[in-house]
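Colleague: Please take me through one part of this model closely. Explain each term as you go, since I am in my first year.

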Amino acid sequence: MASCVEHFRRSVAKLVPSRDAAVAVAVSGGSDSVALTYLARQVFQRVVGITVDHRLRPESSVEAVKTGSIVTGIGAEHHVIPLEWAARPDPGKVQLAARQKRYEALFRFCREKRIRYLMTAHHMDDQLGKRLWNYRSAFSLLFFSNCVFYGDDSRHISHQTVHG
């Protein structure tokens, strides 16, 4: 039986043509995104962890710094993107507004740094992937396991599901 890392390596090889490609990982600090960062670091030469500080809770900046310590401990680069809010979102729309600003910030960062691939990890019950189809960007979406994979090759859009 193949190890988890080997399974990930084979799965991701279908989506990213080179081990030398820079890969960004959105890292919240949760177990799913930290595990994804670890796996990516085992496969790719350059992994860039990105934590978005929404600044909607007083402790969010401290949490972003702690997440950075975990990411750099894995051997990946880490960057914190602090979000600016003109006004706090309406109470019923905080999650939606935060998600939209988060992905705008992640995509902008990747474009500015010329990083062609961005990975995010989500729990199985997260409906984010379905909602992202409505997000208009230059990124194609590729799905595998509980991870959402974004690439900038808009000529090719495919869905890849890998069962563990």
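Modeller: What follows starts with the whole chain and then turns to one helix and its partners.

This is a predicted model, in which local features need pLDDT of at least 70, side-chain atom pairs count only at pLDDT 80 or more, and totals for chains, interfaces and linings use all residues. Residues are numbered from 1 along each chain as its sequence is written, and side-chain values use heavy atoms, with hydrogens and water left out.

Start with the whole chain. The chain holds 5 helices and 6 strands. Helices (H or I, at least four residues) and strands (E, at least two) are DSSP runs, numbered from the N terminus. Along the sequence, the pattern reads α-β-α-β-α-β-α-β-α-β-β. The chain has 164 residues, and 43% of them are buried. Buried means under 20% relative accessible area, exposed means over 50%, and partly exposed lies in between (1.4 Å probe, protein chains only). Next come the contacts, meaning heavy atoms within 4.5 Å. Take the contacts in the chain with a separation of 6 or more: 66% of these are between residues 24 or more positions apart.

Now the part for the close look: helix α2, which covers residues 31-43. Two packed helices are described by the angle between their axes and the distance between the axes. The axes are lines fitted to C-alpha atoms, for helices over the stretch in contact, and the angles run from 0 to 180 degrees between N-to-C directions.

Take the α1 side. Helices α1 and α2 pack at about 75°, and their axes are 9 Å apart. That angle makes α1 roughly perpendicular to α2. The cut-offs are simple: under 35 degrees is roughly parallel, over 145 is roughly antiparallel, 65 to 115 is roughly perpendicular, and the rest is oblique. Which residues of α1 and α2 meet? From α1 come Cys4, Val5, Phe8, Arg9 and Val12, and from α2 come Leu36, Tyr38, Leu39, Ala40, Gln42 and Val43. By class, this contact has 9 nonpolar, 1 polar and 1 charged residues. Here Ala, Val, Leu, Ile, Met, Phe, Trp, Tyr, Cys and Pro count as nonpolar, Asp, Glu, Lys and Arg as charged, and the others, Gly among them, as polar.

Look at Cys4 in helix α1. Cys4 counts as exposed because its relative accessibility is 53%. Cys4 and Leu39 are 35 residues apart in sequence, and their C-alpha atoms are 8.3 Å apart in space.

Stay on α1 for Ser11. Helix α1 spans residues 4-13 and includes Ser11. The relative accessibility of Ser11 is 4%, so Ser11 counts as buried. Its side chain reaches the backbone oxygen of His7 at 2.8 Å.

Now the α3 side of α2. Helix α3 covers residues 60-74 and packs with α2 at an angle of about 25°, with the axes 9 Å apart. This makes α2 roughly parallel to α3. The crossing of α2 and α3 is right-handed. A crossing is right-handed if the near helix is turned clockwise from the far one by less than a right angle, and left-handed if anticlockwise. Here, Val34, Thr37, Tyr38 and Arg41 of α2 meet Ile70, Val71 and Ile74 of α3. By class, the contact of α2 with α3 has 5 nonpolar, 1 polar and 1 charged residues.

Follow Val34 in helix α2. Val34 is buried because its relative accessible area is 18%. Leaving out residues up to four places away in sequence, Val34 touches Val27, Gly29, Ile70 and Ile74. Val34 and Gly49 are 15 residues apart in sequence and 9.2 Å apart from C-alpha to C-alpha.

One stop follows in the loop between β2 (46-53) and α3, where Arg55 lies. Arg55 is not a glycine, yet its phi is positive, near 60°. With 41% relative accessibility, Arg55 counts as partly exposed.

Arg114 also has a positive phi, of about 60°, although it is not a glycine. Arg114 sits in the loop between α4 (94-112) and β4 (117-121). Its relative accessible area is 76%, so Arg114 is exposed.

End with Phe107, in helix α4. Phe107 counts as buried because its relative accessibility is 2%. Phe107 and Leu118 are 11 residues apart in sequence and 8.1 Å apart in space, C-alpha to C-alpha.

Notes
A polar contact is a pair of N or O atoms within 3.5 Å; within protein, one must be able to donate a hydrogen and the other to accept it, and residues adjacent in sequence count only if both atoms are side-chain atoms.
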